[in-house]
Amino acid sequence: MPYLGSLARKFLFGVFWGGLCFYIPPVSADEDFKLDLPIECQIPQQCIIQNYMDVSPGSGYRDYRCGTLSYPRHKGTDFRVIDYAAYHEGVVVVAAQDGEVTRIREGEKEDLFLEEPEKVPSGREAGNAVVLRHSGGWETLYAHLRPGSITVMVGQQVKAGEKLGLVGLSGNTEFTHLHFHVTRNAKFYDPFTGVQPENCNPEGKPAGLWSAEASESLSYRETGLVETGFSSSVPVVRKLPLPEERERISYRGETERLVFWMEAWGVHPADRLTLSITDPSGKRKVDQTVLTKRQASYFRYFGLKRPQEGWLSGLYLGEVQLERLVKGSWQTIFADSRKVELP
């Protein structure tokens with residue numbers, strides 16, 4: 001399912017404080033303009049890139065490697081925090097280059113879109129945000145920041161790596177992430193190619209706008225596992241970052257259900273996904289499905305009901321495996337396991 005609604009897409013098409021953008025033929029970037037990572041987060045252990053810039057000039061959408069980690073006319077890069085413990089501690093957003101703070105937006109509520117999406121104010125879909133101006137006509141935007149976390153002021157000069165705020169859930173977003181985009185003279189550039197939107201290249205390794213150090217952690221990853229877990233009921237996946245949802249699905253006494261769930265990014269049609277639960281006696285129950293379409297985000301669960309005689313005491317093992325047919329043979333793309341003990 002798409003993570004962002006129509007209002008967010010309107011913003012990400014190029015509307016930010018009234019500025020409009022249109023498709024313009026590709027122009028090479030300034031070779032002297034290089035960006036450090038705008039987020040202090042280990043990739044892919046704590047953060048992933050959920051969405052890249054849409055580089056398809058026509059209908060549909062493609063990321064720079066011709067994958068589908070994007071959506072129509074997305075103009076930035078979404079650095080998603082998948083380590084929710086780190087998120088609650090505070091994942092720092094930093095300046096990607098030396099520059100001047102030219103615009104700030106504050107005062108937007110955290111997780112309003114998750115609770116009451118119709119109340120996200122029109123024109124404020126980016127939530128709390130900071131814009132930096134750099135030399136040569138370049139600007140960078142840092143959006144969806146946590147309320148009260150912005151540490152800079154308009155007119156302030158900042159250095160690359162200097163803290164701007166914390167990753168949040170403000171504005172029109174269903175997942176914990178930093179939306180980061182780059183413009184030059186009001187025209188959008190893809191930091192992974194260094195040019196304005198153009199056709200993708202499935203094989204080429206772009207020079208891009210990233211510094212050599214940043215590039216080392218930004219290798220293209222089209223599929224991966226976000227999280228697995230056991231719970232007493234089916235989680236509301238978009239609310240998993242919230243402590244209240246974790247509390248709601250936690251065990252209280254004799255649970256009626258035992259649910260093993262997983263969330264992944266970048267699944268493909270014909271991928272084979274297997275979920276299983278093994279009880280303390282060694283009895284294993286399996287749920288296997290073949291996926292039918294590409295999805296930037298995918299959630300699935302498999303559960304057991306409490307037997308009439310009650311649960312067997314001991315450890316229950318949940319396992320997940322995603323396999324893909326590559327050049328005629330099945331390859332494991334990711335696998336994980338989790339244990340829970342029932343009294």
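1. First, some vocabulary: buried means under 20% relative accessible area, exposed means over 50%, and partly exposed is anything in between (1.4 Å probe, protein chains only). At 28% relative accessibility, then, Arg 246 counts as partly exposed.

2. A word on what you're looking at. This is a predicted model, so local features need pLDDT of at least 70 and side-chain atom pairs count only at pLDDT 80 or more, while totals for chains, interfaces and linings use all residues. Residues are numbered from 1 along each chain as its sequence is written, and side-chain values use heavy atoms, with hydrogens and water left out. Helices (H or I, at least four residues) and strands (E, at least two) are DSSP runs, numbered from the N terminus.

3. Have a look at strand S2, residues 77–81. How many of its five residues are buried? Five of the five are, and the strand is mostly covered. Thr 77, Phe 79 and Val 81 point one way, while Asp 78 and Arg 80 point the other way. That fits a general pattern: in a regular strand the side chains alternate between the two faces of the sheet.

4. Now for the neighbours of S2. Two strands pair if DSSP finds at least two bridges between them. Strand S1 (residues 47–51) pairs with S2 in the antiparallel sense, over four bridges. S2 and strand S9 (residues 177–184) also run antiparallel, joined by four bridges. Asp 78 is a handy residue to click on: Asn 51 has it as bridge partner in S2, and Asp 78 stands opposite His 179 in S9.

5. Next, find His 144 in strand S6 (residues 138–145). His 144 is buried, with a relative accessible area of 2%. What does its side chain reach at 2.8 Å? The partner is the backbone oxygen of Ser 170.

6. On to salt bridges (a side-chain nitrogen of Lys or Arg within 4 Å of a carboxyl oxygen of Asp or Glu). By this rule the count comes to twelve. In one of them, Arg 246 meets Glu 227 at 2.9 Å, N to O. Arg 246 is in helix H5 (residues 243–248) and Glu 227 in strand S11 (residues 224–231), so this pair ties together parts that are 19 residues apart in sequence. Glu 227 is buried, at 15% relative accessible area.

7. Helix H5 has another pair worth checking: the side chains of Arg 248 and Glu 245 meet in a salt bridge at 2.7 Å, N to O. Both lie in H5, three residues apart, about one turn of the helix. Arg 248 is partly exposed at 38%, whereas Glu 245 is buried at 6%.

8. Glu 323 forms a salt bridge with Arg 272, their closest N and O atoms being 2.9 Å apart. Since Glu 323 sits in strand S16 (residues 314–326) and Arg 272 in strand S13 (residues 272–278), the pair ties together parts that are 51 residues apart in sequence. Glu 222, Asp 271 and Arg 324 are linked in a network of salt bridges.

9. Last, some backbone oddities. Most residues other than glycine have a negative phi, and most peptide bonds are trans. Yet the bond from Ile 43 to Pro 44 is cis, with omega near 5 degrees. Ala 186, in the loop between S9 and strand S10 (187–189), has a positive phi of about 70 degrees and is exposed at 55%. Lys 327 has a phi near 50 degrees and is exposed at 87%.

Conventions
Polar contact = N/O pair within 3.5 Å; in protein donor to acceptor, adjacent residues only side chain to side chain.
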